[in-house]
Amino acid sequence: MLSYCTAGKSDSPAVVFLHGFLGSKQDWQEIVEQLKDDFFCISLNLPGHGFNHLESSSVELPTPGFIPCAELIHTTLEQLNVSQYHLVGYSLGGRIALHLARLYPQALLSLTLESCHPGLQNKAARTERKANDRAWAQKLQILPIRGFLDLWYQQAVFSDLSQTEREHLIDKRSHNQPLMLANCYQATSLAEQDDLRDTPSLLTASSHFIAGHQDTKFMALAKRWQEQQPLSVHCIHASGHNVHLAAPQAFAKQLASIFTSTPPNS
């Protein structure tokens with residue numbers, strides 16, 4: 001099983017939260033606080049993440065690792081007697097959510113992806129991404145964790161962060177285990193992922209994409225995806241790539257709207 005935390009009443013509709021790379025189950029705390037009165041909230045640590053062996057950090061994945069990771073999540077939810085749920089995934093968590101949705105479509109009440117890439121569409125892009133991700137994984141293995149994090153949060157996708165916010169994230173993430181993170185990072189590289197753009201059309205549950213208005217890359221991606229698939233796109237102002245961190249109240253309100261508009265047994 002993966003490490004998890006729960007909040008709310010177990011007989012309420014369930015919501016499963018999957019964090020992004022370098023994150024943890026605690027990342028959803030502000031969102032959960034706003035939803036726990038009406039929903040049973042389950043936040044999980046993805047493999048390779050956490051401060052010690054009790055927090056999923058000792059769970060290794062083969063490459064590619066998407067299906068094994070989705071199966072681990074499914075097994076953990078079975079232990080909690082959760083058979084149907086609203087699924088929310090941020091970035092890497094969203095890409096894993098796409099695999100979970102395809103493996104267990106009957107379990108989904110709704111699917112919400114936050115700043116999530118559906119998959120690369122050509123071999124050249126995969127080759128380029130594989131080399132890029134290999135370089136990042138090598139940095140994880142040779143640099144001190146804080147040195148790696150300092151470089152990571154200088155990427156363009158995090159340009160909306162202030163220096164104070166960036167330093168806070170570095171402090172927050174510096175307790176992870178670098179070698180285990182490297183395993184997860186390579187096992188779930190975008191280069192290893194199939195193109196999953198058709199997932200919304202394969203589901204009976206509704207599919208949603210939440211993006212920050214400052215994240216022009218993923219907002220444009222979401223709009224192109226929406227033109228091809230039954231996908232509802234929601235733009236949250238005053239936020240960039242990590243919407244739930246920058247605008248937790250607006251994010252939680254949007255989720256509540258999605259969940260309450262979904263039939264109980266969709």
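In this predicted model, tryptophan 225 sits in helix α9, which spans residues 216-228. Tryptophan 225 is buried, with just 1% relative accessible area. Setting aside neighbours within four places in sequence, tryptophan 225 touches Leu98, Leu113, Cys116, Pro118, Leu196, Arg197, Pro200, Phe209 and Leu231. The chain also brings histidine 117 into this part of the picture: 108 residues separate histidine 117 from tryptophan 225 along the chain, yet their C-alpha atoms are 9.9 Å apart.

One of those contacts, Phe209, leads on to the sheet. Phenylalanine 209 has valine 233 of β7 as its bridge partner. Strands β6 (residues 206-212) and β7 run parallel and are joined by six bridges.

Stepping back to the whole sheet, seven strands make it up, in the order β1-β3-β2-β4-β5-β6-β7, and the sheet is open with mixed pairing. The edges belong to β1 (4-7) and β7 (231-236); each has a single partner strand, so one side of each goes without a neighbour in the sheet. On average, and ignoring direction, neighbouring strands are turned by 20° against each other.

Helices cover parts of this sheet. Helix α3, residues 92-103, packs on the sheet and touches β2, β4 (85-90) and β5 (108-114), with its direction at about 140° to that of β4. Helix α11 (residues 248-260) lies across β2, β4, β5, β6 and β7, and runs at about 150° to β5.

How many residues of β5 are buried? The count is seven of seven, so to speak a strand that is mostly covered. Strand β5 pairs with β4 in the parallel sense, over six bridges, and one of the partnerships links tyrosine 85 to leucine 108 of β5. Serine 110 is another residue of β5, and serine 110 is buried, with a relative accessible area of 0%. The side chain of serine 110 does find a polar partner there: a polar contact of 2.7 Å ties it to the side chain of histidine 86. Isoleucine 170, by contrast, is 60 residues away from serine 110 along the chain, and the two C-alpha atoms are separated by 32 Å.

A second serine, serine 24, turns up in a loop, the one between β2 (14-18) and α1 (29-35). Is serine 24 buried or exposed? Serine 24 is buried, with a relative accessible area of 11%. Its side chain makes a polar contact of 2.9 Å with the side chain of glutamine 26. Beyond its neighbours within four places in sequence, serine 24 is in contact with His19, Asn45 and Arg173.

The helices also pack on one another. Two packed helices are described by the angle between their axes and the distance between the axes. For α2 (residues 66-79) and α3, the axes come within 9 Å and cross at roughly 70°, and these two helices are therefore roughly perpendicular to each other. On the α2 side the meeting residues are Phe66, Ile67, Cys69, Ala70, Glu71, Ile73 and His74, while α3 brings Arg95, Ile96, His99, Leu100 and Leu103. By class, this contact of α2 with α3 holds eight nonpolar, two polar and two charged residues.

Helix α4 (residues 123-142) packs with helix α5 (residues 145-152) at an angle of about 150°, the axes being 7 Å apart. That makes α4 roughly antiparallel to α5. Trp136, Lys139 and Leu140 of α4 make this contact with Ile145, Phe148, Leu151 and Trp152 of α5. These residues divide into six nonpolar, no polar and one charged.

Helix α4 has another packing partner in helix α7 (residues 178-187), at an angle of about 170° and with the axes 8 Å apart. Helices α4 and α7 are therefore roughly antiparallel to each other. From α4 come Asp133, Arg134, Trp136, Ala137, Leu140 and Gln141, and from α7 come Pro178, Leu179, Leu181, Ala182, Tyr185 and Gln186. By class, the contact of α4 with α7 has eight nonpolar, two polar and two charged residues. Trp136 and Leu140 of α4 appear in the contact with α5 and also in the contact with α7.

Conventions. Residues are numbered from 1 along each chain as its sequence is written. This is a predicted model: local features need pLDDT of at least 70, side-chain atom pairs count only at pLDDT 80 or more; totals for chains, interfaces and linings use all residues. Side-chain values use heavy atoms; hydrogens and water are left out. Helices (H or I, at least four residues) and strands (E, at least two) are DSSP runs, numbered from the N terminus. Buried means under 20% relative accessible area, exposed over 50%, partly exposed in between (1.4 Å probe, protein chains only). A polar contact is a pair of N or O atoms within 3.5 Å; within protein, one must be able to donate a hydrogen and the other to accept it, and residues adjacent in sequence count only if both atoms are side-chain atoms. Contact means heavy atoms within 4.5 Å. Axes are lines fitted to C-alpha atoms, for helices over the stretch in contact, and angles run from 0 to 180 degrees between N-to-C directions. Angles under 35 degrees count as roughly parallel, over 145 as roughly antiparallel, 65 to 115 as roughly perpendicular and the rest as oblique. Ala, Val, Leu, Ile, Met, Phe, Trp, Tyr, Cys and Pro count as nonpolar, Asp, Glu, Lys and Arg as charged, and the others, Gly among them, as polar. Two strands pair if DSSP finds at least two bridges between them.
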